[in-house]
Amino acid sequence: MIRFFIALPAAVVMAGALAAPSNAAAADPRPITSPYVQAAADVSASGALLRAKNVDWVRHVNTGRYCVNVSEQVNLAFSVVHVELPNSNRRSFSTTPNATCGPDSVTVFTYDLNGTYVDNPFTVTVF
C-alpha cells in the first residue's frame, strides 16, 4: 500500500506533463506562403494571430480596433493595404502609420453597419 502512494504522485505529474500542450507551439501562427504579397495575417476577433507572413504581432487595442505590426523588411510607405472581413456584413478600414500603433503597423478598425465598433475576425494583406 505504501508503494502505491509513492507511485501515484509521480504518475499524476507525468500524465499532466504529457497532456499539457506547449505554449510556445500554440503561440506560433501557421505560415502563409503567398509569393505575391509582402505581408499577410489572418486574425481572430480577439486579436490572436492565426496565420502570418512577415507579421511580427497583433494587438487588440480596444473593441473593433487592432494593431498589426509588420516586419522591418516591409516598407508600408510604398505599399497597398487590403483588409477583408470574411463571412460578415460588417465593414472595416485601415490606416498606416499612426500614433496608436506606430510606424511599422497597420491599424485595422472593424464596425457594424450602424458605425459601432465591434470585434470581428479579419485578414490583412500588404502588397
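**Exercise 1. Decide whether Thr116 is buried, partly exposed or exposed, and place Thr116 in the fold.**

Thr116 counts as partly exposed because its relative accessibility is 44%, where buried means under 20% relative accessible area, exposed over 50%, and partly exposed in between (1.4 Å probe, protein chains only). The model is predicted, so local features need pLDDT of at least 70 and side-chain atom pairs count only at pLDDT 80 or more, whereas totals for chains, interfaces and linings use all residues. Residues are numbered from 1 along each chain as its sequence is written, and side-chain values use heavy atoms, with hydrogens and water left out.

Next comes the position: Thr116 lies in the loop between strand E8 (105-111) and strand E9 (122-126), strands being DSSP runs of at least two residues, numbered from the N terminus. Leaving aside residues up to four places away in sequence, Thr116 touches Thr110 and Tyr111, a contact meaning heavy atoms within 4.5 Å.

**Exercise 2. Describe the ring pair of Phe109 and Tyr117, and then the surroundings of Tyr117.**

The structure holds 4 aromatic pairs, for which the centres of Phe, Tyr or Trp rings (for Trp, the six-membered ring) must lie within 6.5 Å, with planes under 30 degrees apart counted as stacked, over 60 as edge-to-face and the rest as tilted. Phe109 and Tyr117 form a tilted pair, at 6.0 Å centre to centre and with 45° between the planes.

As for accessibility, Phe109 counts as buried at 14%, whereas Tyr117 is partly exposed at 30%. Ring pairs link both of these residues with Phe93 and Tyr111 into a cluster. The charged end of Arg65 sits over the ring of Tyr117, 3.6 Å from its centre, the criterion being CZ of Arg or NZ of Lys within 6 Å of the ring centre and within 35 degrees of the ring normal.

**Exercise 3. Work out which strands stand at the edges of the sheet with the order E4-E5-E8-E7.**

This open sheet has 4 strands with antiparallel pairing, two strands being paired if DSSP finds at least two bridges between them. Strand E4 (55-62) and strand E7 (91-95) are the edge strands, since each pairs on one side only. E7 is joined to E8 by 5 bridges, and the two run antiparallel; within E8, Phe109 stands opposite Phe93.

**Exercise 4. Find the edge strands of the sheet with the order E1-E3-E2-E9-E6.**

This open sheet has 5 strands and mixed pairing. Strand E1 (30-31) and strand E6 (81-84) each have a single partner strand, so one side of each is left without a neighbour in the sheet. E6 and E9 run antiparallel and are joined by 4 bridges, and Val81 stands opposite Val126 in E9.
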